[in-house]
Amino acid sequence: MIPYTIVIGRGILGRLPAHARHLGLGKDAVVISHSSIVRLHGASLSAALKKAGYTVKILNVPEGEKSKSASCILSLLKQISAYDVDKKIFIIAFGGGVVGDLAGFAAAIYKRGVPYIQVPTTLLAQIDSSIGGKTGIDLETGKNLVGAFYQPKLVLADTGLLKTLSKRQIRNGMAEAIKYGIIADPRLFGFIEANHKKILQSDMKALNFIVRRSAAIKARIVGQDEKETKGLRTVLNFGHTVGHAVEAAGRYHQYHHGESVGLGMRVAARISVDMGLLPQSQELRINRLITCAGLPGKIKGIRLAKILDLMRHDKKFTAGHNRFVLVQKIGQVKVVDDIPVGIVTEAIQAYLL
């Protein structure tokens, strides 16, 4: 089991102070977010915390993957240190996956670790990135190459906050939900097939279902293999091997994370068919759902050589040996090492435009 509670519900942001008090955290909250989230929801969070007797310091970081940099984390740590005088602080990551990664990493390394809470505000973060304790920043050579496993004290996901998301942000989150259906839950996959239009329209009932279902899968897997030492957690990387390379090759702005993962899942499904693991009919079903979610069908403007080069920096590749999560059937995957380079190359080429 994971050593913290995940609270999911609509309109629950105001309950955060009660949870913080129950956990015995400090009285000084450092909220790490970005300006658009603060503009939409910052007043509600600040008012709830101040009413409960907490001091509140809001630190904004730039939007987008570019903020997951060495310069940004150092700036953040200096601001936290300047504020942390005669205080007992805890950090609140109030935003999407980027804010969660950055704030979590700051919590992990400031004073060798201070407590933090994840309050994810995007579908992708509520479904996936806020759970599991992976924190970090990027390097030019790849995504999340500097970081730490550092678990939050609480994850509080207010699904009501998802109403303010753009269609593109919803599609990004859907990519991770589709991933969970493929790796562990045929019922979730079928639900998204039947309800993709409702999800894209931000239907609260549909969103609540996929958040709860996906978060439960993530929590179960992470609880069995917290630091990815047993090989169990590796299945969560389905679609991410090629996906991270595409994301980095596009300098983190051409394709968002979920879009990159969607492309990576298409490639992984193709490799699975070519390796004789997956029936072609199931590959077509996977591709159809990724398309219905409005995710990209082709990798545009990125050279094959660049993708292959970036994949070599992937944390799952060691001593020249590649490693992919492949599909056996919807709801079941396996980790496969040393896939012939020709098969990997042909699968990527099939999706290059």
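This section describes two helices, the internal cavities and one pocket of a predicted model.

Helix α9, spanning residues 240-249, is largely enclosed by the rest of the structure, because 10 of its 10 residues are buried. The buried residues are H240, T241, V242, G243, H244, A245, V246, E247, A248 and A249. Their packing partners are the strands β7 (142-149) and β9 (323-329), together with the helices α6 (167-184), α10 (257-274), α12 and α13. After α9 comes R251, which has a positive phi near 55 degrees.

Helix α3 presents a two-sided arrangement. It comprises 14 residues, 70-83, and its first and last C-alpha atoms are 20 Å apart, close to the 20 Å expected at 1.5 Å a residue. Buried positions in α3 are C72, I73, L76, L77, I80 and Y83. These residues lie on the same side of α3, because they cover an arc of only 135 degrees around the axis. An α-helix has 3.6 residues a turn, so residues three or four places apart point the same way. On the other side of α3, S71, K78 and A82 are exposed. The buried residues of α3 pack against the strands β2 (28-33), β3 (55-60), β4 (89-95) and β6 (134-139), and also against helix α4 (97-109).

Empty space within the model was examined next. Two cavities of 30 Å³ or more are present. The largest cavity encloses about 90 Å³, and 13 residues line it, with G142, K143, H244, L310 and D314 nearest its centre. At least two lining residues come from each of β7, α9 and α12, and α9 gives the most, with four. The lining of the largest cavity consists of five nonpolar, five polar and three charged residues.

The second largest cavity has a volume of about 50 Å³. Its lining is formed by N237, G239, H240, T241, V242, G264, V267, A268, F324 and V325. The elements α9, α10 and β9 each contribute at least two of these residues. Five nonpolar and five polar residues make up this lining, with no charged residues.

The second largest pocket has a volume of about 250 Å³. Its lining comprises L308, M311, R312, F317, T318, G320, H321, N322, F324, D338, V341 and V344. Two or more of these residues are given by each of α12 (304-311) and α13 (341-349). By class, six residues of the pocket lining are nonpolar, four polar and two charged. F324 appears in the lining of this pocket and also in that of the second largest cavity.

Methods: Residues numbered from 1 in each chain as written. Predicted model: local features only at pLDDT ≥ 70, side-chain atom pairs only at ≥ 80, totals over all residues. Heavy atoms only, no water. 1 Å grid on protein atoms, 1.4 Å probe; cavity = no way out; pocket = protein on both sides within 12 Å on 5 of 7 lines; lining within 4 Å. Points joined across faces, edges and corners; volume = space filled by probe spheres on them. Nonpolar A, V, L, I, M, F, W, Y, C, P; charged D, E, K, R; others polar. Buried < 20%, exposed > 50% of the residue type's maximum accessible area, 1.4 Å probe, protein only. Contact = heavy atoms within 4.5 Å. Expected span 1.5 Å × (residues − 1). Arc of directions from axis to C-beta.
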